Amino acid sequence: MQKILKIDESDNLIVALKDLQAGDIYHWGSEDVTLVTDVKAKHKFAMEAIPVDGIVSMYGTAVGKATKPIAKGEVITVNNIRHYAAPVSLEQDAPYEWNPPDVSTYQGRIFKGYVREDGRVGTANYWLIFPLVFCENRNVTKLTDALNEALGYTNNSLKDFALDLTAGEQGGTAKPKLFPHIEGVRCITVTSGCGGATSDSKTMCDVLAAYADHPNVIGITVFSLGCEKAQRKMFKESLVARNPNFAKPALYFRQQEWSSEEEMMQTALKQTYECMKALIPQSRVDVPLSHLKLGVKCGASDGFSGISGNPAMGLVSDWLVTLGGASGLAEFPELCGAEGDMVKTVRLF
């Protein structure tokens with residue numbers, strides 16, 4: 001069984017695929033290395049001696065610098081390296097050429113989707129609740145939790161286990177979904193919208209408008225306080241700019257217009273429920289993969305993510321894009337240090 005992996009031939013670090021012992025001898029190509037320390041699985045060791053301030057590299061790019069001399073065969077830890085990223089340049093030495101993979105095996109494949117009136121395709125039906133200012137976050141989560149609990153969308157396995165445990169022989173009973181054609185109620189909370197620059201509030205409204213217009217969203221409930229910078233008018237302008245034909249059910253609640261929070265919340269719950277109840281059930285139909293769009297994100301990283309989950313999703317993305325679909329990075333803080341490589345692969349359309 002293979003125990004080590006060199007990701008790029010220019011790397012001076014090797015990945016341990018299994019727990020390795022000091023004194024073990026390993027070969028990679030024409031290179032030999034004797035471990036001078038134990039190396040745990042998922043950790044890395046030096047394939048060559050690295051001086052102080054010497055660059056350590058993986059994936060064909062710099063990932064750090066040595067803070068002390070590192071011997072050939074020594075494990076890499078936070079005690080002998082520090083963060084370092086290669087300088088990012090917007091200049092490309094040569095145009096990046098993407099080679100589409102062979103997808104003949106997947107031609108004609110379909111998925112079950114919801115075709116919307118504008119031709120876009122959704123993969124789910126969600127009612128979305130969000131605020132225009134952070135001080136309404138609590139009301140947003142309260143309404144979302146109340147609706148999901150009442151309509152049978154709550155999926156809390158730990159709570160179910162506790163109910164089973166305390167119910168004795170009777171056991172717990174799952175609440176049936178009142179609207180099975182709707183997958184549930186989702187919410188978004190925010191951290192701005194009150195003070196700050198107008199441009200920040202405008203950007204937030206643009207993002208919220210994009211969520212509202214998403215083909216997986218079937219209606220929205222929007223909360224505001226009344227004195228925020230991200231006013232309802234600003235959000236509606238963002239929504240019209242994104243989709244002039246937006247026609248989904250939309251409910252708005254400005255708290256300062258109500259005599260009490262309880263009255264507002266009860267009305268919001270009732271009206272949201274009535275809107276969900278009035279939605280005409282839509283059936284899923286066969287749709288080609290060219291209509292599928294993926295947003296990929298971190299799924300809890302570990303030392304093997306870069307040689308397992310990440311490239312696997314990259315391969316899936318290549319297949320999907322070749323078939324006419326799309327794939328986008330929905331979460332990218334882990335690109336720290338890889339900015340240069342990402343810039344090189346950018347294609348302008």
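**Exercise 1. Find how many salt bridges the predicted model holds, and describe the one between Arg138 and Glu261.**

Solution.
Step 1. The count of salt bridges comes to 13. The structure is a predicted model, and a pair is counted if a side-chain nitrogen of Lys or Arg lies within 4 Å of a carboxyl oxygen of Asp or Glu.
Step 2. Between the side chains of Arg138 and Glu261, the N to O distance is 3.0 Å, so the pair meets the cut-off of 4 Å.
Step 3. Arg138 belongs to helix 1 (residues 137-151) and Glu261 to helix 5. With their positions 123 residues apart, the pair links distant parts of the chain.
Step 4. Relative accessibility is 48% for Arg138, which counts as partly exposed. Glu261 has a relative accessible area of 24% and is partly exposed.

**Exercise 2. Work out what separates Lys202 and Asp206 along helix 3, and whether each is buried, partly exposed or exposed.**

Solution.
Step 1. Lys202 and Asp206 form a salt bridge through their side chains, at 2.8 Å from N to O.
Step 2. Both residues sit in helix 3 (residues 198-213), and they are four residues apart, so about one helical turn separates them.
Step 3. Partly exposed covers the range between 20% and 50% relative accessible area. Lys202, at 32%, falls in this class. Asp206, at 33%, is partly exposed as well.

**Exercise 3. Classify Arg254 and Glu257 as buried or exposed, and name the residues of the salt-bridge network that includes Asp118.**

Solution.
Step 1. A salt bridge of 2.7 Å, N to O, joins the side chains of Arg254 and Glu257.
Step 2. Buried means under 20% and exposed means over 50%. Arg254 has 17% relative accessibility and therefore counts as buried. Glu257 has a relative accessible area of 52% and is therefore exposed.
Step 3. Asp118 is linked with Arg120, Asp213 and Arg242 in a network of salt bridges.

**Exercise 4. Give the strand order of the four-stranded open sheet, and say which strands stand at its edges.**

Solution.
Step 1. Strands of a sheet pair through backbone hydrogen bonds, either parallel or antiparallel.
Step 2. The order in this open sheet is 12-11-13-14, and the pairing is parallel.
Step 3. The edges are held by strand 12 (184-187) and strand 14 (250-254). Each has a single partner strand, so one of its sides has no neighbour in the sheet.
Step 4. From one strand to the next, the twist averages 20 degrees.
Step 5. Strand 11 (residues 126-131) pairs with strand 13 (residues 217-224) in the parallel sense, over six bridges. Pro131 has Phe223 of strand 13 as its bridge partner.

**Exercise 5. Find which strands helix 4 and helix 5 touch or cross, and the angle each makes with strand 14.**

Solution.
Step 1. Helix 4 (residues 232-242) lies across strand 11, strand 13 and strand 14. Its angle to strand 14 is about 160 degrees.
Step 2. Helix 5 (residues 261-278) packs on the sheet and touches strand 11, strand 12, strand 13 and strand 14. The directions of helix 5 and strand 14 make an angle of about 180 degrees.

**Exercise 6. Describe the three-stranded open sheet: its order, its pairing and its edges.**

Solution.
Step 1. The order is 10-9-15, with antiparallel pairing.
Step 2. Strand 10 (121-122) and strand 15 (285-288) stand at the edges; each has a single partner strand, so one side of each lacks a neighbour in the sheet.
Step 3. Two bridges pair strand 9 (residues 110-115) with strand 10 in the antiparallel sense. Gly122, in strand 10, is the bridge partner of Tyr114.

**Exercise 7. Decide whether the protein is more spread out than a compact globule.**

Solution.
Step 1. The protein contains seven helices and 17 strands.
Step 2. Its radius of gyration is 26 Å, and the globule rule gives 20 Å for 349 residues. The value is well over the rule, so the protein is more spread out than a compact globule.
Step 3. The C-alpha trace spans about 75 × 60 × 50 Å along the principal axes.
Step 4. Of the 349 residues, 34% count as buried. The protein exposes about 20500 Å², and carbon and sulfur atoms supply 56% of this area.

**Exercise 8. Locate His27 and list its contacts beyond its neighbours within four places in sequence.**

Solution.
Step 1. His27 lies in strand 3 (residues 25-28).
Step 2. At 52% relative accessibility, His27 counts as exposed.
Step 3. Once neighbours within four places in sequence are left aside, His27 is in contact with Ile4 and Asp32.
Step 4. The C-alpha atoms of His27 and Tyr153 are 54 Å apart, and the two residues are 126 residues apart along the chain.

Conventions. Residues numbered from 1 in each chain as written. Predicted model: local features only at pLDDT ≥ 70, side-chain atom pairs only at ≥ 80, totals over all residues. Heavy atoms only, no water. Pairing = 2+ DSSP bridges. Axes fitted to C-alpha atoms, helices over the stretch in contact; angles between N-to-C directions. Contact = heavy atoms within 4.5 Å. Rg over C-alpha atoms; globule rule 2.2 N^0.38 Å. Buried < 20%, exposed > 50% of the residue type's maximum accessible area, 1.4 Å probe, protein only. Areas by Shrake-Rupley, 256 points an atom, 1.4 Å probe, with all protein chains shown as cover.
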